Amino acid sequence: MTVDEDVHAGGHRTHEVTNQPPERVDVNEYLDFPVLRDAVHAFGGGWGEERLVEAGAHVGSAAFQRAAELANTHEPVLRTHDRRGRRVDEVEYHPAYHEVISAAVARGAHTSAWADPRPGADVVRGALFSLFGQVEPGHACPVSMTHAAVASLRHAPDLAALWEPRLLATGYDGALAAPGTKPGALVGMAMTEKQGGSDVRANTTRAVPAGDGTHLLTGHKWFCSAPMSDAFLVLAQAPDGQSCFLVPRVLEDGTRNVFRLQRLKDKLGNRSNASGEVELDGTVGHLVGEPGRGVRTILEMVQRTRLDCVHGSAAGMRQGVAEALWHARHRTAFGARLVDQPAMTAVLADLALESEAATLTAMRLAAAYDAGDGDGDDGERAFRRLATAAAKYWVCKRGPQHAYEAMECLGGNGYTEAFPLARRYREQPVMAIWEGSGNVVALDVLRAMTREPASLAAVDAELALAAGAHRDLDAHLAATRDLLAGLAGADPAEQQASARRVVEALAVGLQASLMVRYAPQASADAFVAARLGPGRGHGYGVLPRGTDAAAILRRHAGS
């Protein structure tokens, strides 16, 4: 008898695998998530159903999940020189990364809302972006920035006429080449510098007119996202003040622009996507927007990437719920399935409620961009100005805690890199930090309330749409209005000290209002009571008595 055939007392074979869930592969991530599907239809994107069903099947396939894993385990490598000593400044990715990003671009997860502008276009594009980001989040960085860059580029009509068709194309080629020869183009961003970080007023990168309509930029950028992109929006100090420039990696004639990659950042998460430090030295740049108004110009991009941070965090929450529920439905302990044990049921249901509220928030914001673009609704523009920042602050800040709790549901398996939730746990903090960490975003909300009071009025009106539906929400709305009234007369220091409290109140109130209006009553009642009721807290698994947790989970369990 061999060792493998050895039988212990009782006849149990030591190498027989039992009580382990099957692999969660070849699922449709769109059809298995009714929350997203219902939100897409509720906010005007129902016409995109066929595209979303196809994308959901693609990202849920075993092949795509394997590509996502490979893109993260075989991380980008910096090649500063070729073997003959020539400077190349290239980042080498595993083929799986190119496979992932190519699939996302082919389906319009980057710029389909610009390419086909109609009611619901941003909603459908946001859903596509979320589906791909749910499984592989790193590639979403250049996808998001390309989408967002279109708004900034339109401040330079001649430049937009040349570059916008490239950004709207659905082809992808990761090699460095003349942009006019490629099937499509992606855009990155290089704003911050080591001495200032979020305080871009401290930037020292200089831009000198070259005499031919371009500028030559010299300086160092501390964080350059996706450095193999075809162009970057860059801030630099020009003669008229800090301005925004489009910096191509390769010029139109095929000559490589000066774009020296000094090193790649060794990041906590977001491992499949490279971020690096860049030296500019006489680097060609094209002015975007008015001279001296660079921050205002690039904020068009920042606002939309903040929305994608909300999409990305919500997508991560969905992945956490989907994986935790799958495990709990197929694993038994102490004589019963985990999903049927009250303590686990409560945790899973609470995680599902958080995911649903985040998803509704992201889709509602996307609808505001649909309605408020161009000659659209001024009220929607005002709403999205403040609501995007508040949601970015709160949803993204909840992401890491949500990922941890979902990971814990898998026990030891969840803590290993063989399962996706360990990767997700490391990934979620980037959304809270990127495009403005907590204090930066909270202070931006204060700025919006002061300089654009219509934005606060629009958010208040949105919250009030659910007035009278739940006493805890009514009480929260009244308390929030009292808080804002008291803040209006406070000195600047007190306002700043209270900024986070105000932003949280607005964000949670918005989520509760959306849940009341769009979620099933059992889910809405449980969310409002758990987040706004007496004795509320931010831990998971402490739901109000009488919550129908099983009904909540049926909505999130999938096939």
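Biologist: Why does E435 count as buried?
Modeller: E435 has a relative accessibility of 11%, and buried means under 20% relative accessible area, with exposed over 50% and partly exposed in between (1.4 Å probe, protein chains only). The value of 11% is under that cut-off, so E435 counts as buried. This is a predicted model, in which local features need pLDDT of at least 70 and side-chain atom pairs count only at pLDDT 80 or more, while totals for chains, interfaces and linings use all residues. Residues are numbered from 1 along each chain as its sequence is written, and side-chain values use heavy atoms, with hydrogens and water left out.

Biologist: Where does E435 lie, and what is its phi?
Modeller: E435 is in the loop between α12 (420–433) and α13; helices (H or I, at least four residues) and strands (E, at least two) are DSSP runs, numbered from the N terminus. The phi of E435 is near 60 degrees, a positive value in a residue other than glycine.

Biologist: Which class does D26 fall in, buried or exposed?
Modeller: D26 has a relative accessible area of 58%, which is over the 50% limit, so D26 is exposed. D26 is not a glycine, yet its phi is positive, at about 55 degrees. The segment before α1 (34–42) holds D26.

Biologist: What makes α13 roughly perpendicular to α17?
Modeller: Two packed helices are described by the angle between their axes and the distance between the axes. Here the axes of α13 (residues 438–451) and α17 (residues 499–518) cross at roughly 80 degrees and come within 9 Å. Such axes are lines fitted to C-alpha atoms, for helices over the stretch in contact, and the angles run from 0 to 180 degrees between N-to-C directions. That crossing makes α13 roughly perpendicular to α17, since 65 to 115 degrees counts as roughly perpendicular, under 35 as roughly parallel, over 145 as roughly antiparallel and the rest as oblique.

Biologist: Which residues make the contact of α13 with α17?
Modeller: From α13 they are G438, N439, A442, L443, V445, L446 and M449, and from α17 they are A499, R500, V502, V503 and L506; contact means heavy atoms within 4.5 Å. By class they divide into nine nonpolar, two polar and one charged. Ala, Val, Leu, Ile, Met, Phe, Trp, Tyr, Cys and Pro count as nonpolar, Asp, Glu, Lys and Arg as charged, and the others, Gly among them, as polar.

Biologist: How do you know that α6 is roughly antiparallel to α7?
Modeller: Helix α6 (residues 121–135) packs on α7 (residues 140–153) at an angle of about 165 degrees, and their axes are 12 Å apart. The angle is over 145 degrees, so α6 is roughly antiparallel to α7. In the contact, D122, R125 and F129 of α6 meet A140, V143, S144 and H147 of α7. These residues divide into three nonpolar, two polar and two charged.

Biologist: What makes S152 buried?
Modeller: The relative accessibility of S152 is 0%, so S152 counts as buried under the cut-off already given. S152 is found in helix α7. Neighbours within four places in sequence left aside, S152 is in contact with L233, V288, T297, I298, E300 and M301.

Biologist: Why is P119 called exposed?
Modeller: P119 has a relative accessible area of 66%, over the 50% limit, so P119 is exposed. P119 sits in the loop between α5 (112–115) and α6. Apart from neighbours within four places in sequence, P119 is in contact with G44 and W47. P119 and G45 are 74 residues apart in sequence, and their C-alpha atoms are 7.4 Å apart in space.

Biologist: Which class does G533 fall in, and which does D525?
Modeller: G533 has a relative accessible area of 1% and is buried. D525, at 32%, is between the two limits and is therefore partly exposed. D525 lies in helix α18, while G533 is in the loop between α18 (521–532) and α19 (549–556).

Biologist: How do you know that the chain is as compact as a globular protein of its length?
Modeller: Its radius of gyration, taken over C-alpha atoms, is 24 Å, close to the 24 Å that the globule rule (2.2 Å times the number of residues to the power 0.38) gives for 559 residues, so the chain is as compact as a globular protein of that length. The chain has 19 helices and 11 strands, and 56% of its 559 residues count as buried.
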